[in-house]
Amino acid sequence: MAMKLFNKNKSSMAKVMGLLSSAALLAGCAATSVPFADNQEQTTSQVEQPTQDDGVFTNPLFPNGADPWLEYWDGNYYLTTTTWTSELVMRKSPTLAGLAQATPVNVWSSAEPARNANFWAFEFHRLKGPNGYRWYMMYTAGKDGTLDNQHLNVLESAGDDPMGPYEYKGALMPDVWNIDGNYLEHDGKLYVIYSQWQGDQQLNIIAQMDNPWTLTPNKPHTVLTRPELDWEISGRKVTEGAEILQHNGRTFVTYSASFCNTPDYKLGLLELVGDDPLNQAHWKKYDQPVFSRTESVFGPGHNGFFRSPDGKEDWLVYHGNDSVEHGCSSTRSLRAQKFTWNDYGTPSFGKPLTPGVKVAPPSGEYGPLVTRVQGQHYQLMNATSGLCLDTGTDPQNPKAVQKQCAATNGRWVIDAMSDGFVRLANQEDSKFLEVAGCSTAENAKVRSAAWRNNYCQQWQVTGASDGNVQFVNRYSGKALSVAGCSASSNQSVLQTSDSVCNEWQLRPTGEVVLLSQQSGKALTAVVDKTGKKTDLRQFAWAHRDNQVWRVNPTESGYVALQPKDGELCAAVSGGQIVPGANVNLGQCTDKTAQWKMKPVTGGGMMFINRYTRQALGLENCGLAENTNFAQQPVLKTNCQVFHLRKSH
C-alpha cells in the first residue's frame, strides 16, 4: 500500500516523507498537454502492414503504478493506481499491453479540506446498490500536509460505465485512521475489509455494511490479520491491502505483509473456512507467504485480480520495485501475470516475473468478441446525404449502409484506444466497424463484425471542413464514404481515398454530462438569485438537471450546448473575441453559441467556438468547486478537454 503514518511513529517517518513529496510531483496530471487526433500522422495504404499487434508485453507495464486495481468489463480493461494527489485517475484499453500508453483521465477530484489530498488505493467494484447495479469506487484520502487523517471514501457511478460520472456518497469512518478498503460479498450480505493501526501493529479488519457506503451499526469489527509471523514484521508489523479471491465456492483473501518501505513487502493468504465472516474462528491463516521478492523484483504487493476477456484465465496485478533500495515512493511500478490453482484448490501465484521477460496477452484479447462497449452514444450523419451510418438488416451480410437518422438505430460508441485510434462499436448488434478482408482497394466494403483487434477495425478521427470529421481506416489509410455520393437510404458505405462524401457530423444522443478531463467535475449551468446572471462553472457530479446537457446539431457539423433545465445555450459573453472572455448562457441564436467538437487522443472532445475560433477552457486549470469556464486560445491541455458521459 502507500505510506502509513500514525502519531506515535511520526518522527521515525521523517525520511520517507520526502518520498511522498517526490511521488506527488511525479503523479500530478495538472495541465498536461494532449495530442489532437487530427494532428497525428495518418496511416498510408500499405499491403505489407501487419493487421494486428501480438499483444505481448513485458513487466513492468509502466512506472509509478502503485496499488493497482484492474477490471475487465464490456470489452475494455479499466485501471486505477495511487496518485498521491487530489485526483482519481483511470486508464482504459481493450488490451492489457495498451494500458501502458492509455490516456490517464481524471474521473474525480476533491477540494474538501478533510479529504482532498494523498489519494491512495482506488478500487472500483460493480455492486447492486439501492438503484441497481453501479460501480462503487472506494479510495483512501485525507488532509494536506499529514498522513494522520487518512480514511476511506466511497463514490457511486451514474450508470454502468466505470469511467463515471461519479457522485460522492460518504466516508465510512471519517474520524479514525483507516485505509485499503475492499468489498466482500458473502451469503447475500456485504462486508468491507479495511486496515488500521492499533498500537504498533497494522491490522486487517472486517465489518458488515448496510449499503456500499454505510456500515451496519452495532455489528462487530473483527480482526482478520495481525502481524505476528516473522515474514509479516520486516521493518514494521504490517498487514494491509486485503483483496478477495473467490473460486469454486471457496473464498480467499490475500493481504500485503511487512513494511512497504522494505524489499520484503509480500503477500499472505487467508481462507474463509466457516459461514460467518465476522467470526475470527471461521478464518484460516496460511503460515507461509504466497508471493515474495526475487533477485530482480522487490516488495511485490498490494495486488488485485482479474479474469481474461474470455474468462478462461486468472491474472494477478500488483506493484513491485526493480531495486532493493526502493520503497513506498513513485518507484513502484505496475506488473501483471497469469496464475493457476493447486490440485488442493488454493491459488498458485508462482514468483514475480523478471523484468523484460515477454508475456503473452490474456486469452481472448483477440476475440472474436461481441459486446456492448460502455460510453457515450453517437449518431454519425454524412455531411452530404444527411443520412446516418448504420448496418444492413441481413445478419449474414452486415454491411455498412446509410439510413434515416432515428433514435432507435445507428448508435455508435467512439471507443478510444491507447495509440490515437478508435474503434466504432455498434450498439444495436454489439459488433465493430471494419474493412472487409482488410482490403486496401478503392470502394472496398465496410461491415459490422466481431472484434478481433486488427488494424482493419481501427479508425482515426481527423478534422474536416467546418465542424465535420473523417474516419480514416488504420490499415488502408482510406476514409469512410457514401458510395456514389448517393442520398438514398440503404446505400452502401465504403472506403475511398478521394471523395466529397467522406465527411461526417458527430451527433451525441440523449442527455449528456460533460466532465473536465482536468478535474473530473461536471460543466454546470449556474443562475444567480435574480435569475438574470448566468454562468458556466464546474461542480462535482450530483445528478442535477443543470449538469445535464443536450448537444444539439446546428449546421455544417457544429453543435449548440443547452442545459436540460433551460432554454439558453453556452455562448461567449457579449460576443467577445478576446482570449479570457467569459462563457455563459446566451440565446441559442447568438453567433457565439455554435461549437465544433474536436476529438483528441484518449476519447476526449474539445469545443472550439465557430465564431471566435477559441476553445472552451477551465480557468487556471483549477480543481476547486465553482471554477469558471472561459474561452481560451487552443492550448492543447487537459483544461480544454471534456469527456461526454451518459447521465444514467
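**Entry 1: Glu271 and its partner**

I started with Glu271, which is buried in this predicted model. Its relative accessible area comes to 6%, and I keep in mind that buried here means under 20%. Next I looked up what the Glu271 side chain meets, and found Arg250 in a salt bridge at 2.8 Å, N to O. I then placed both ends: Arg250 belongs to strand 16 (residues 250–257) and Glu271 to strand 17 (residues 266–272), so this pair links distant parts of the chain, 21 residues apart. Arg250 is partly exposed, with a relative accessible area of 25%.

**Entry 2: another salt bridge nearby in the numbering**

I moved on to Asp264, whose side chain forms a salt bridge with that of Arg293 (3.0 Å, N to O). Asp264 sits in the loop between strand 16 and strand 17, while Arg293 sits in the loop between strand 18 (283–285) and strand 19, so the pair ties together parts that are 29 residues apart in sequence. I checked exposure too: Asp264 counts as partly exposed at 22% relative accessibility, and Arg293 is partly exposed with a relative accessible area of 37%.

**Entry 3: strand 19 and its hairpin**

Arg293 led me to strand 19 (residues 298–307). Is this strand enclosed or open to the outside? Nine of its ten residues are buried, so strand 19 is largely enclosed by the rest of the structure. I looked up its neighbour and found strand 20 (residues 314–321), running antiparallel and joined to strand 19 by six bridges. Phe298 stands opposite Asn321 of strand 20. Six residues lie between the two strands of this hairpin, and there I noted Gly311, which takes a positive phi near 75°.

**Entry 4: a four-stranded sheet**

I turned to an open sheet of four strands, ordered 2-3-4-5 with antiparallel pairing. Which strands stand at the edges? They are strand 2 (69–73) and strand 5 (105–109); each has a single partner strand, so one side of each is left without a neighbour in the sheet. From one strand to the next, the twist averages 25°. Inside the sheet I looked at strand 3 (residues 76–80) and strand 4 (residues 87–93), which are antiparallel and joined by four bridges. One residue I wrote down is Thr80, whose bridge partner in strand 4 is Met90. A reminder to myself: side chains in a regular strand alternate between the two faces of the sheet.

**Entry 5: more charged pairs**

I looked up the salt bridge total, and the structure holds 21. Among the salt bridges there is a network that links Lys92, Asp415 and Arg423.

I also followed Glu511 to Lys564, whose side chains meet in a salt bridge at 3.5 Å, N to O. Where do the two residues sit? Glu511 is in the loop between strand 35 (504–508) and strand 36 (512–516), and Lys564 is in the loop between strand 40 (559–563) and strand 41 (569–572). The pair links distant parts of the chain, 53 residues apart. Glu511 counts as partly exposed at 25% relative accessibility, and Lys564 is partly exposed with a relative accessible area of 31%.

**Entry 6: a nonpolar patch**

Last, I went to the surface, where Ile577, Val578 and Tyr611 make a nonpolar patch of about 280 Å². I placed Tyr611 in the loop between strand 44 (605–609) and strand 45 (615–618). At 40% relative accessibility, Tyr611 counts as partly exposed.

Notes. Residues numbered from 1 in each chain as written. Predicted model: local features only at pLDDT ≥ 70, side-chain atom pairs only at ≥ 80, totals over all residues. Heavy atoms only, no water. Pairing = 2+ DSSP bridges. Axes fitted to C-alpha atoms, helices over the stretch in contact; angles between N-to-C directions. Buried < 20%, exposed > 50% of the residue type's maximum accessible area, 1.4 Å probe, protein only. Patch = residues over 30% accessible without salt bridge, like charges linked within 9 Å, V, L, I, M, F, W, Y side chains within 5 Å. Areas by Shrake-Rupley, 256 points an atom, 1.4 Å probe, with all protein chains shown as cover. Salt bridge = Lys/Arg side-chain N within 4 Å of Asp/Glu carboxyl O.
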